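Work through the exercises below with the model open beside you, and try each task before you read its solution.

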Amino acid sequence: MRITLMAALLLGASQVAAQPYAYLPNSNSNNVSVVDDATQAVVATIPVGSQPWGVSVSPDSSLVYIGNRGGSVSAIDTSTNTVVATIGVVGDAIGVTFSPDGSVAYVVDFSGNVVRAIDTATHSVVNSVAVGSNPYGLVTTPDGSKLYVSNYSGNSITVIDTGTFTVTGSIPAGSGPLQLAMSPDGTRLVVANGFNEELLIVDTATDTVTGTVGFSWRASGVAISNDGTMAVVTSDSFTSLVIVDLVTLTVDSTIAMGTQTWGVDFTPDGSQFYVSMVNSDAVRIFDTATLAVSNTVAVGSTPFAHGNFFATGAASIAQGVQLDANPAAPVVYAQEIIASPGSPVTLLNPAGDLNLSANLGYSFSIGEVRYARFECDNGLRFAAGSAATYDGSGSAGLGAINGLGGSAMHFSITANDNNVTASDRLVITGDRQITGTNGVNCTYSLYDFPSQAAAGGAAGRVYTVSGPYIRFAPSYALEVDAEGNPIANVESTDPAYSEFTNAAPTFDVLLGRIGAFSYGEVQDVTGAVQPLTPAGPAITLAGLMHADTALVFAGDFSAAADVFFSPLADCSVNIQSADDFSDLEAVFTIGSNDALAHHLCFEAGGVPMLASEYTVMLDAVSATPALYAVADRGPLDLGEITRNGTELQAPLAQIPAGWLSRMVLTNTGSKDREYEIVVMGETGNTISTDNLAGTVKAGSTLVVELDDVLTGFTGLPRATLNVTVAAPNRTIQGLYQIVNPDSGSISNHVMVRPGTN
């Protein structure tokens, strides 16, 4: 990829194939600055973990590993300049380096006194070995057989056999060894010996110290030139660089810096070296031959940049959303973002996800000029600072952009050679503004004349392509994984329905699983892509939900001793009990936490459980209502409690003198069913009873004479009868009947089902 000098002046940095890129971790801003060595400008800023410090680029430049003192390693794909994996480690991940074949990365744990091996194919820790106290720097031999580790407080260098990943030796290293460097031929290890204020030279064949170079300040970092003759030494206690002649083992010169320095690395061709200026938030670039300063580039806050940080040609400008892609792949943002024409929201573009690109669609002749137009609908605006870049095999000059701040931008394209072809691309970088959350579509068109590009439309248009650019989607979801149906048992230990049947999934008569559900970020619940925040990273529940956000389960919980969440279907583990529950609902305050693959469990409380249906709903409360509008989810059907028997009631059964009083039970099913009668009398009325249980034969009717049941009263001869039958409701019917044998008059009353009248 080539770009004319004029285009570079007009548009800023444009990445060039086969050029090196410096990846500089910034400890206090928790990101990595990517500097294009061709333009010596920052072309990307990549968010990483907490306190990034160490850095190493894989031998093929496809990966960059960043050691974060907060306890992780961030893996960056240089083709997209995005973090593709975050590898959790214990303690301070300061130093990191790759094996020569790139299959393994080694990272020190400064506080844990170990070195860990990471499989770069899976980005996972596969081995570890104990070393000295406070390991800091590390480097392999060119053949990858040995790994050397400096132990800052242990005052030694640990030697590790990488084949067996075991310690094979220890080299005394004065006081406070820090960064290590290996000579290109692998014969000498150079150690920046901090408190001894010197360089140590170690013979890698014998693992013994064969020389020293002393000076009067603390050495923190070191890098060796490509020809192996020169070392550049940085210092965190002295404001100058030291240049050491590795042939004579003498100090060649010092270079005033005016600030602490730390990380240092040579460009792949060896013509320059970069030095991180920790307290100045910058990197200074030197010409290797003359030791002259060629540039100083501002980066992030506190760039320690400990390690090798140059990638060659792997980084390229992110194509972002390609209007000509098939299938289309628009970038997805959180639907909850609040934006309006009066209060637009800026979408930042740190990793290039928002870059907008299209193929030129037209092959140019030398000197030919055409005019490009990018326009988008639904109120999208190209923020100030947006730029256009030509990405192709030829040389093209791009004119100044017109229309920034609006929804359409246009500029000229001039071909400087015959290699500007239809398959080359234009990329629009920079931030965007949205004025709503309707999906945005964009169009690229190429025109003959500038007035046509300014106006848009079909006149003079030689090529056009359109596609989706931005979509908005919900950031969180609530789903029911499985509906439950615990059954209240009519044959429970007194009273009926106070226990569940002993059945799957709990196999516990006191526990019923109402249902299973999942609530959380949409990527975890549905597998969809997690939408982005305006700042660029994926949105999280922590950024959306206030501490008062709750899951509300509607249904009758009046008979419960407890209502709780369990990660297991058998409800054997309680991870959260309801804040409160009643005959209407159970409420769980969940805040910004998720509830993935949770089961709602009902613990029986020793009283009859009513049949009830249950639903789940999210009662969402926004953590930042000025930025995000959150909406409830549900209610969704979660399950139900049913009863395995029939309950019938004669509200006022009487035995008047001269009348026959009876109860008639009908069983239309194919099984004999047992019944039980409970008698409830008025306060103060003692009732004598008998014959309270029996059987209703299959396909038959049973007449129960109530004077055989209600055998005596101290008060009026009347009572309420509650009958439970161990049978489904649909097969049992009940009738209460009073008959006057003298007159033949009959009074029939259908027995009611409690809770239905």
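## Exercises on a predicted model

In this predicted model, V190 has I201 of strand β18 as its bridge partner, and the first exercise starts from that pair.

**Exercise 1. Describe how strand β18 is placed between its partners, and state how far it is covered.**

Solution. Begin with the pairing to strand β17 (residues 188-193), which runs antiparallel to β18 over 6 bridges. The two strands form a hairpin with 4 residues between them, and in this hairpin E197 has a positive phi near 55°. Next, turn to strand β19 (residues 208-214), which is also antiparallel to β18 and is joined to it by 6 bridges; here V202 has V209 of β19 as its bridge partner. This pair of strands makes a hairpin too, with 4 residues between them, and D207 in the turn takes a positive phi of about 55°. Finally, look at burial: of the 6 residues of β18 (residues 198-203), 5 are buried, and the strand is mostly covered.

**Exercise 2. Find the disulfides, and work out which parts of the chain each one links.**

Solution. Count the pairs of cysteine sulfur atoms within 2.5 Å, which gives 2 disulfides. One of them joins C376 and C442, whose sulfur atoms are 2.0 Å apart. This pair links distant parts of the chain, since C376 belongs to strand β34 (residues 369-376) and C442 to strand β41 (residues 440-447), 66 residues apart. The link of C376 and C442 has 110° about its S-S bond and is right-handed, and both cysteines are buried.

The other disulfide joins C571 and C601, again with sulfur atoms 2.0 Å apart. Because C571 lies in the loop between β47 (560-566) and β48 (576-577) while C601 lies in strand β51 (residues 595-604), the pair ties together parts that are 30 residues apart in sequence. The torsion about the S-S bond of C571 and C601 is about -85°, so this disulfide is left-handed. C571 and C601 are both buried. Counting the bonded cysteines along the chain, the pattern is 1-2, 3-4.

**Exercise 3. Which residues have the most contacts inside the largest nonpolar core?**

Solution. The largest nonpolar core has 80 residues, and within this core F411 and L551 have the most contacts. To see the surroundings of F411, set aside its neighbours within four places in sequence; among the residues then in contact with F411 are Y371, F374, L398, I401, L426 and I428. A second core, separate from that one, has 24 residues and includes I76, Y274, V283 and F310.

**Exercise 4. In what order do the strands of the open sheet with 5 strands lie, and which are its edges?**

Solution. The order is β7-β6-β5-β4-β28, with mixed pairing. The edges are β7 (82-88) and β28 (306-308), each of which pairs on one side only. On average, neighbouring strands of this sheet are turned by 20° against each other, direction ignored. At one edge, strand β6 (residues 72-77) pairs with β7 in the antiparallel sense over 6 bridges, and S72 stands opposite G88 in β7.

**Exercise 5. Decide where the model calls for caution, using pLDDT.**

Solution. Start with the whole protein, for which the mean pLDDT is 91 and 96% of the residues reach 70 or more. Then examine residues 1-18, where the pLDDT is below 50, although this stretch has 54 contacts in the model beyond near neighbours in sequence. Where pLDDT is low, predicted coordinates should not be read in detail.

Definitions and conventions: Residues numbered from 1 in each chain as written. Predicted model: local features only at pLDDT ≥ 70, side-chain atom pairs only at ≥ 80, totals over all residues. Heavy atoms only, no water. Core = buried A, V, L, I, M, F, W, Y, C linked by side-chain atoms within 4.5 Å. Buried < 20%, exposed > 50% of the residue type's maximum accessible area, 1.4 Å probe, protein only. Contact = heavy atoms within 4.5 Å. Pairing = 2+ DSSP bridges. pLDDT = per-residue confidence, 0-100. Axes fitted to C-alpha atoms, helices over the stretch in contact; angles between N-to-C directions.
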